[in-house]
Number of protein chains: 2
Amino acid sequence: MPKTVDRDEQRRQIGAALLQLVAERGLDEVSVRTVAAATGRSPGAVQKYFSTKDEMLTFAAELAGERVERRMAGVDSALPLRQALRELILTTLPVDAERRAEATAQLAFAVRAAHHPGLAAIRRQVDQDIRQALAGWLESAGHTTHATAVADAVIALSDGLALRMLYTPQEHEHLLAALDRSLDALIPGPGPEPPYSSAGASSCSASRR
Amino acid sequence: MPKTVDRDEQRRQIGAALLQLVAERGLDEVSVRTVAAATGRSPGAVQKYFSTKDEMLTFAAELAGERVERRMAGVDSALPLRQALRELILTTLPVDAERRAEATAQLAFAVRAAHHPGLAAIRRQVDQDIRQALAGWLESAGHTTHATAVADAVIALSDGLALRMLYTPQEHEHLLAALDRSLDALIPGPGPEPPYSSAGASSCSASRR
DNA sequence: ATCTTTGAGATACAGTCGTATTCTAAAGGC
DNA sequence: GCCTTTAGAATACGACTGTATCTCAAAGAT
């Protein structure tokens with residue numbers, strides 16, 4: 001046996017470099033050569049691990065998906081529902097350099113998935129996992145009705161806020177306020193009632209206390 | 001004066017073709033040559049109207065923004081708030097081929113804006129316009145507190161749902177349900193419950209038709 | 001009818017792309 | 001020790017990119 005290397009580890013290194021490159025320069029700037037340079041390798045060396053650019057892209061998309069799911073699993077599930085949700089969403093919003101990198105890559109892949117069946121399948125799988133985990137949280141917190149619909153709403157809200165934050169760093173404050181407002185509305189109680197206006201029969205606020 | 005043409009009209013034609021191309025094949029497939037072919041022109045003819053690819057892209061992004069704002073202005077403002085919002089959001093979701101085309105282009109430009117200051121500025125302007133119009137709707141419907149936060153939430157929700165619909169056509173039903181759930185939560189019934197609501201009960205049980 | 005200005009097409013150029021092929025060097029197994 | 005297998009680099013190729021330049025046809029003004 002000749003010189004041997006941990007192939008999977010190498011692939012993960014390259015994939016990680018690709019994600020970072022997407023974050024810094026955009027998915028359009030990703031080429032076999034730029035990724036190779038970002039990892040200090042020659043283009044030929046990258047070819048040893050990914051025979052095709054598309055294979056490399058797909059691998060990186062899966063890697064990014066795994067990261068999201070791992071972060072999700074890392075949220076303290078003992079937290080009150082609203083806080084847990086807020087914490088989870090905050091880990092997906094580009095509020096600092098690291099999260100901005102992740103969000104950028106995530107959204108870039110999502111848009112490309114619109115014209116790339118392979119990437120679309122990966123995104124669908126990740127979304128499905130997150131959706132079911134979220135629905136589980138909701139149900140175990142007493143949110144037995146329309147748990148999946150609320151889960152989908154939370155996902156959409158998170159993605160939409162992240163997208164806009166990408167090109168509007170000035171408005172992070174406003175958008176975080178919008179996040180809290182939405183969570184207040186979507187997740188009634190526990191704790192002090194959100195300071196929502198409107199006369200007594202405010203829609204959902206009576207369901208759980 | 002020699003042969004003369006309506007330059008602005010030509011530019012709009014080319015811009016429209018570019019948007020359609022983005023919708024059908026993705027922003028990566030947009031090149032001076034592909035756009036020229038899509039308009040039945042030669043690449044050189046396109047150069048007469050846009051001396052640079054970036055100028056062409058910027059123009060198309062503005063064109064797309066105008067379309068959104070025009071659609072927004074077209075929503076019947078006499079409608080009850082919740083219905084107006086729902087109608088507005090539906091015109092931005094990829095529920096049919098035409099809207100899918102618009103949403104695809106919109107989101108593609110949004111992601112590219114993350115690394116393109118010019119596009120970012122355009123997006124920010126469009127977002128600002130929509131936000132203020134939405135906030136105006138909300139306030140004039142009695143939603144005097146946190147109108148802008150709710151407006152931002154609505155925008156994020158709309159973008160997030162559109163993004164996911166792009167690569168998950170199978171789940172349109174679920175996502176529309178999530179939209180209604182969110183609207184129910186965000187917009188407490190304006191006096192008379194909207195017709196979506198089932199009887200006088202809490203609007204929590206109201207779902208899409 | 002001529003001139004002049006313009007739209008449109010064709011072509012050229014340097015650069016980058018993805019991928020295939022070829023080479024060098026090094027690290028186990030014998 | 002050599003020999004095989006592999007990692008990695010270098011190179012080659014055709015296709016495509018954005019942009020600059022050139023030519024030609026056509027239409028209004030004189």
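Which residues does R112(A) touch, not counting residues up to four places away in sequence? In this predicted model, R112(A) touches L27(A), D28(A), L57(A) and L119(A), and also D28(B). The list thus includes a residue of chain B, and R112(A) is a convenient place from which to begin a reading of the structure. R112(A) belongs to helix α6 of chain A. Its relative accessibility is 18%, and because buried means under 20%, R112(A) counts as buried.

The chain that carries this arginine may be considered next. Chain A contains nine helices and zero strands, so that its pattern, read along the sequence, is α-α-α-α-α-α-α-α-α. Chain A has 209 residues, and 53% of them count as buried. Its accessible surface amounts to about 9600 Å², with 52% of that area belonging to carbon and sulfur atoms. The contacts within the chain can also be described by separation in sequence. Among those in chain A that link residues at least 6 apart, 63% join residues at least 24 apart.

From the single chain the description passes to the pair. The contact between the chains draws 55 residues from chain A and 55 residues from chain B. Together, chain A and chain B bury about 4300 Å² between them, and carbon and sulfur atoms account for 61% of this area.

Polar and charged groups also take part in the interface. Between chain A and chain B there are 22 residue pairs in polar contact, counting pairs with both residues at pLDDT 80 or more. The helices of chain A that each supply at least two residues to the side touching chain B are α1 (7-25), α6 (97-113), α7 (117-140), α8 (147-167) and α9 (172-186). Of these contributions, the largest share comes from α8(A), with 14 residues. Sorted by class, the side of chain A that touches chain B comprises 27 nonpolar, 14 polar and 14 charged residues.

The salt bridges complete this account of the interface. Six salt bridges are found across the interface of chain A and chain B. A salt bridge also joins D152(B) to R164(A), where the closest N and O atoms are 3.0 Å apart.

Returning to the opening residue, R112(A) lies in helix α6 of chain A, and α6 is among the helices that supply at least two residues to the side touching chain B. The contact of R112(A) with D28(B) may be read alongside the buried state of R112(A), at 18% relative accessibility.

Notes
Residues are numbered from 1 along each chain as its sequence is written. Chains are lettered from A and ligands numbered from 1 in the order in which they are written. This is a predicted model: local features need pLDDT of at least 70, side-chain atom pairs count only at pLDDT 80 or more; totals for chains, interfaces and linings use all residues. Side-chain values use heavy atoms; hydrogens and water are left out. Contact means heavy atoms within 4.5 Å. Buried area is the accessible area (1.4 Å probe) that two parts lose on being put together, summed over both. A salt bridge is a side-chain nitrogen of Lys or Arg within 4 Å of a carboxyl oxygen of Asp or Glu. A polar contact is a pair of N or O atoms within 3.5 Å; within protein, one must be able to donate a hydrogen and the other to accept it, and residues adjacent in sequence count only if both atoms are side-chain atoms. Helices (H or I, at least four residues) and strands (E, at least two) are DSSP runs, numbered from the N terminus. Ala, Val, Leu, Ile, Met, Phe, Trp, Tyr, Cys and Pro count as nonpolar, Asp, Glu, Lys and Arg as charged, and the others, Gly among them, as polar. Buried means under 20% relative accessible area, exposed over 50%, partly exposed in between (1.4 Å probe, protein chains only). Accessible areas come from the Shrake-Rupley method with a 1.4 Å probe; for residues, only the protein chains shown count as cover.
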